[in-house]
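Here are a few exercises to work through with the model open beside you. Try each task before reading its solution.

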Amino acid sequence: MFDIHYLYFAQGLGFISMFLAWWANAQRDDKALLSGNLIASGLTAIHLGLLGSPLGMVNQLLNMGRFFSSRYYRISILAPIFASLAIIQGFLWAEHWSEWCAVLAGVIMSFALIYCQGTQLRLSILVSNICNLTLSLHLHSWSGVIYQIITIGMMTYQLTTDTHYDKSGNEPTYNQALAK
């Protein structure tokens, strides 16, 4: 028998994760962006597992590894390892084309989180969220759909304003911007 309380709990957890990830994605500092998304990925893994998507859950667990590695250990070999794990999970669990879009997002973020900073990192997050939106729509993840649409808007705004990020992801000061 279907328990509506179970659904509300799963969706509520997704909304908590969504707000935390929005906070993280609004940060100008790459380290805060990575740390916030690390925690949000853990909550999202539980959310997607409760909604019945083993691929989505494992993908978010891999995201935790990606964000952790990018935050603390930027080791080049990790990018192809994480990308390979994303592809393997696709072959194991993907049953719908939208799940392959999530796999593609995982491959993109595997490389972006190790090799990109600042503007390139935010562009990768934008593309990844466009891919992940298809899975959220397929799973009827209310928080996922809202999260991806708002995050796509946030990243588009950040990327189209005159703000240019330095290598650390920080917004330059007025004098630094003039010097460029």
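**Exercise 1. Is Cys 116 buried or exposed, and what is its relative accessible area?**

This is a predicted model, in which local features need pLDDT of at least 70 and side-chain atom pairs count only at pLDDT 80 or more, while totals for chains, interfaces and linings use all residues. Residues are numbered from 1 along each chain as its sequence is written, and side-chain values use heavy atoms, with hydrogens and water left out.

Step 1. Recall the classes: buried means under 20% relative accessible area, exposed over 50%, and partly exposed in between (1.4 Å probe, protein chains only).
Step 2. Cys 116 has a relative accessible area of 18%, so Cys 116 is buried.

**Exercise 2. How many disulfides does the model have?**

Step 1. A disulfide is a pair of cysteine sulfur atoms within 2.5 Å.
Step 2. Take Cys 131, which is buried at 11% relative accessibility. The closest cysteine sulfur, in Cys 101, is 5.8 Å from the sulfur of Cys 131, too far for a bond.
Step 3. The count by this rule is zero disulfides.

**Exercise 3. Place Phe 67 in the fold and list what it touches.**

Step 1. Find Phe 67 in helix α3, residues 54-72 (helices are DSSP runs of H or I, at least four residues, and strands are runs of E, at least two, numbered from the N terminus).
Step 2. With a relative accessible area of 8%, Phe 67 is buried.
Step 3. Leave out residues up to four places away in sequence: Phe 67 then touches Leu 34, Asn 37, Leu 38, Ser 41 and Leu 113 (contact means heavy atoms within 4.5 Å).
Step 4. Now look towards Met 109: 42 residues separate it from Phe 67 in sequence, and the C-alpha atoms are 9.2 Å apart.

**Exercise 4. Which members of the largest nonpolar core touch the most other members?**

Step 1. A nonpolar core is a set of buried Ala, Val, Leu, Ile, Met, Phe, Trp, Tyr and Cys residues joined through side-chain atoms within 4.5 Å.
Step 2. The largest such core has 15 residues, and those touching the most other members are Leu 33, Leu 34, Phe 67, Met 109, Leu 113, Leu 121 and Ile 125.
Step 3. Two or more residues of this core come from each of α2, α5, α6 and α7, and α6 gives the most, with four residues.
Step 4. Another core, of nine residues, lies apart from this one, with Ala 83, Val 103, Val 107 and Leu 139 among its members.
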